[in-house]
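Reader: I have just opened this structure and would like to find my way around. Could you walk me through it?

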Amino acid sequence: MPAYQSWASSPASRKVMQGNRSRDTSPELAVRRHLHAAGLRYRVDYRPEPSLRRTADIVFPKRRIAIFIDDCYWHSCPQHATSAKSNAAYWSKKLAENVARDTETTERLRDAGWLVLRFWEHQDPREVTAAVVAAVVLHSEPSPRPGPSAAEDEPVKKTV
């Protein structure tokens, strides 16, 4: 049986990669603290659509809002994206696949009736929170019900 060989280019790279978190990152925690202070309650690391094998960082299930706080490296931020120095072909392909998956996730959730909000990790948590609060407030208003308008409804009978 061959010994396990790491995918990392060096032991130092392996250690760095093992330290990367998929949830509870500093930017996520900062935004969640502000949302909680604003009185909002939400799900964390939650699958908006059970049939879609993707989780959003913050989800308001009843309002159908999914929020992603994307890491600048892993999601190729236009401002802060960098190229790997070791194994560059592998990493450029990997990051391109991440961006394609992000796009597909956004499209599939929108097609399923979700509002998808994406933010970069470098954005100010207060600005992200303000945008999320605005979206939650906007999606809290009852949607117009289908059917006849109020003028066409039966008149209400009053009893005296």
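Author: Below, we go through this predicted model in questions and answers.

Reader: Thanks! In what order do the elements of the chain run from the N terminus on?

Author: Let's begin with the inventory: the chain has 4 helices and 4 strands. Reading from the N terminus on, the order of these elements is α-α-β-β-β-α-β-α.

Reader: What percentage of the residues count as buried?

Author: A residue counts as buried when its relative accessible area is under 20%. The chain has 160 residues, and the share of them that counts as buried is 26%.

Reader: And what share of the accessible surface belongs to carbon and sulfur atoms?

Author: The accessible surface of the chain comes to about 11400 Å². Of that surface, the share belonging to carbon and sulfur atoms is 54%.

Reader: Let me turn to charged residues. Which side chain of opposite charge is nearest to aspartate 57?

Author: Aspartate 57 sits in strand E2, which spans residues 56-60. Aspartate 57 is buried yet has no salt bridge. A salt bridge needs a nitrogen and a carboxyl oxygen within 4 Å. The nearest side chain of opposite charge is 6.8 Å away, and it belongs to arginine 118.

Reader: Then which residue has its backbone nitrogen 2.6 Å from a polar atom of the aspartate 57 side chain?

Author: Here the partner atom is in the backbone, not in a side chain. The backbone nitrogen lying 2.6 Å from a polar atom of the aspartate 57 side chain is that of isoleucine 69.

Reader: How many residues apart are the salt-bridge partners glutamate 49 and arginine 64?

Author: The side chains of glutamate 49 and arginine 64 meet in a salt bridge, with N to O at 3.1 Å. Glutamate 49 is in the loop between strand E1 (43-46) and E2, while arginine 64 is in the loop between E2 and strand E3 (65-70). Arginine 64 itself is partly exposed, at a relative accessible area of 29%. The pair links distant parts of the chain, and its separation in residues is 15.

Reader: Why are arginine 108 and glutamate 104 separated by about one helical turn?

Author: These two residues form a salt bridge, with their closest N and O atoms 3.2 Å apart. Both are partly exposed: arginine 108 has a relative accessible area of 39%, and glutamate 104 has 31%. They are about one helical turn apart because both lie in helix H3 (residues 88-111), at a spacing in residues of 4.

Reader: Which residue is linked with Glu104 and Arg108 in a network of salt bridges?

Author: The bridge between arginine 108 and glutamate 104 belongs to a wider set of links. The network joins Glu104 and Arg108 with Arg54.

Reader: Aspartate 124 and arginine 126 meet in a salt bridge. Which of them is exposed?

Author: Their N to O distance is 3.0 Å. Aspartate 124 is partly exposed, with a relative accessible area of 25%. Exposed means over 50%. With 56%, the exposed partner is arginine 126.

Reader: I see two cysteines, 72 and 77. Why is there no disulfide between them?

Author: Both cysteines are buried, cysteine 72 with a relative accessible area of 5% and cysteine 77 with 1%. A disulfide would need their sulfur atoms within 2.5 Å. The two sulfurs are too far apart for a bond, because their distance is 3.8 Å.

Reader: What is the phi of serine 76 near?

Author: Serine 76 lies in the loop between E3 and H3, and at 28% relative accessibility it counts as partly exposed. Asparagine 87 is in the loop between E3 and H3 too, and its phi is near 55°. For serine 76, phi is a positive value in a residue other than glycine, near 55°.

Reader: Finally, which side chain makes a polar contact with that of serine 140 at 2.8 Å?

Author: Serine 140 is in the segment after helix H4 (125-138), and its side chain reaches the backbone oxygen of valine 136 at 2.6 Å. The side-chain partner comes from 77 residues away along the chain, with C-alpha atoms separated by 6.8 Å. That partner, at 2.8 Å, is arginine 63.

Terms used: Residues are numbered from 1 along each chain as its sequence is written. This is a predicted model: local features need pLDDT of at least 70, side-chain atom pairs count only at pLDDT 80 or more; totals for chains, interfaces and linings use all residues. Side-chain values use heavy atoms; hydrogens and water are left out. Helices (H or I, at least four residues) and strands (E, at least two) are DSSP runs, numbered from the N terminus. Buried means under 20% relative accessible area, exposed over 50%, partly exposed in between (1.4 Å probe, protein chains only). Lys and Arg count as positive and Asp and Glu as negative; His and the chain ends are not counted. A polar contact is a pair of N or O atoms within 3.5 Å; within protein, one must be able to donate a hydrogen and the other to accept it, and residues adjacent in sequence count only if both atoms are side-chain atoms. Accessible areas come from the Shrake-Rupley method with a 1.4 Å probe; for residues, only the protein chains shown count as cover.
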